[in-house]
Amino acid sequence: MIDTHRLMIFRSVVATGSVAAAAATLGYSPSAISQHLTALQRETGLRLLERVGRGVEPTPAGRVIAGEAAKVLDELTALGSTVSDLRAGKSARLTINSFSSAGTNWMPDVVATLTHEFPDTRVRLRIVDELAATADNRPDIALTVRLGKPTQVSGYTHRDLITEPYVVVVPADHELAARTTVDVAELEQYRWIDNDTSHGPCRQAMLNACAAAGFTPRFVVETTDYPSALRFVARGVGITVVPRLGATDLPPGARALELTNPTPRRTICAHIKDSESYNPVVLRTMELLDELAVQPHGGLVTPSAEGAQSSPRTTR
């Protein structure tokens with residue numbers, strides 16, 4: 001058996017990049033850290049670390065072990081939370097998987113309401129974009145995005161919540177900012193901010209619309225989330241195209257405009273575990289999601305909302 005305490009120490013060394021830094025973080029002496037690492041390498045029969053300059057880096061085998069250790073330690077942390085909940089009399093639990101923009105815009109209201117209405121239920125939220133994670137960790141509810149036909153997951157019932165359009169977000173003093181709608185083809189000439197480099201369905205819907213308009217976007221910045229991309233737009237670096245839900249909270253200096261010819265769209269759907277379909281907490285969660293899905297959002301503004309624009313700037 002591999003000692004989980006040594007795994008925790010090894011993970012800290014990998015994260016900090018040195019034995020001394022891990023010792024300072026964990027409150028051990030460097031010699032104690034080294035002894036635990038030696039014992040772990042003896043237990044595994046693997047060389048896990050190699051010295052680089054004044055620090056250390058994981059070997060290829062060490063990187064694999066560090067990744068697996070993270071999963072094990074996360075599960076142990078979750079088990080500890082479950083034990084604490086049981087001691088406190090909270091025997092019920094609800095696990096929700098959600099993609100990022102729904103997690104940011106919907107889940108705070110959902111979790112706050114559930115925590116108030118079902119105080120004996122522990123709600124656990126994971127921000128997970130891949131539908132495959134539903135089959136792996138079996139949440140009670142999984143919020144996902146689809147472009148084509150629904151994907152069936154064994155043991156789950158699929159339900160669409162809303163199909164929403166994408167919008168283009170431009171700097172407030174951009175030459176397009178006085179418009180309310182923009183054809184996708186008009187965006188070819190501008191610099192773009194990528195907002196999802198994971199090549200998932202949300203990004204693909206945007207690329208499909210550009211392909212239909214006859215061009216490929218010219219990305220000058222690659223980010224992995226909508227808030228980061230929107231802030232680059234607000235500083236005048238370029239434009240970005242996001243689902244309307246992703247443009248709910250625009251930073252100052254950015255404006256969202258409707259897209260046409262074509263209008264990219266994505267469908268937000270829920271996968272509900274069949275064995276929990278009559279659970280009152282699950283039913284209430286779905287009620288809350290239905291309510292949130294139809295609320296206005298997206299940060300769209302009309303030209304009159306900000307007054308006349310001065311000194312238009314392009315981001316070509």
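This briefing walks through the overall make-up of the chain, one enclosed strand, a group of aromatic rings and a nonpolar surface patch. The model is predicted. Its chain has 316 residues, of which 43% count as buried, and its secondary structure comes to ten helices and twelve strands.

**The chain as a whole**

- Contacts reach well along the sequence here: among those with a separation of 6 or more, 76% are between residues 24 or more positions apart.
- The chain exposes about 15,800 Å², and carbon and sulfur atoms supply 52% of that area.

**Strand β12 and its partners**

- Strand β12 covers residues 265-273. Eight of its nine residues are buried, so β12 is largely enclosed by the rest of the structure.
- Strand β5 (residues 141-146) runs antiparallel to β12, and six bridges join the two.
- Strand β6 (residues 156-171) is also antiparallel to β12, with nine bridges between them.
- A270 is a handy residue to look for in β12: its bridge partners include L143, and R159 stands opposite A270 as well.

**Aromatic rings**

- A search of the whole structure finds two aromatic pairs. In one of them, W192 and F219 have ring centres 6.1 Å apart and planes at 90 degrees; because planes over 60 degrees apart count as edge-to-face, this pair is edge-to-face.
- This pair links distant parts of the chain, with W192 in strand β8 (residues 191-194) and F219 in strand β9 (residues 218-222), 27 residues apart.
- How do the two residues compare in accessibility, buried or partly exposed? W192 counts as buried because its relative accessibility is 1%, while F219, at 25%, counts as partly exposed.
- If you are picking out side chains in the viewer, add F215 to your selection: ring pairs link W192, F215 and F219 into a cluster.

**A nonpolar patch on the surface**

- Which residues make the nonpolar surface patch of about 300 Å²? The patch is made by V72, L76, L79 and V83.
- L76, one of these residues, has its place in helix α4, which spans residues 60-87.
- With a relative accessible area of 39%, L76 is partly exposed. That value fits its membership of the patch, because patches are made of residues with over 30% relative accessible area.

Methods:
Residues are numbered from 1 along each chain as its sequence is written. This is a predicted model: local features need pLDDT of at least 70, side-chain atom pairs count only at pLDDT 80 or more; totals for chains, interfaces and linings use all residues. Side-chain values use heavy atoms; hydrogens and water are left out. Patches are made of residues with over 30% relative accessible area and no salt bridge: like charges are joined within 9 Å, nonpolar side chains (Val, Leu, Ile, Met, Phe, Trp, Tyr) within 5 Å. Accessible areas come from the Shrake-Rupley method with a 1.4 Å probe; for residues, only the protein chains shown count as cover. A salt bridge is a side-chain nitrogen of Lys or Arg within 4 Å of a carboxyl oxygen of Asp or Glu. Helices (H or I, at least four residues) and strands (E, at least two) are DSSP runs, numbered from the N terminus. Buried means under 20% relative accessible area, exposed over 50%, partly exposed in between (1.4 Å probe, protein chains only). Two strands pair if DSSP finds at least two bridges between them. Contact means heavy atoms within 4.5 Å. Rings of Phe, Tyr and Trp (its six-membered ring) pair if their centres lie within 6.5 Å; planes under 30 degrees apart count as stacked, over 60 as edge-to-face and the rest as tilted.
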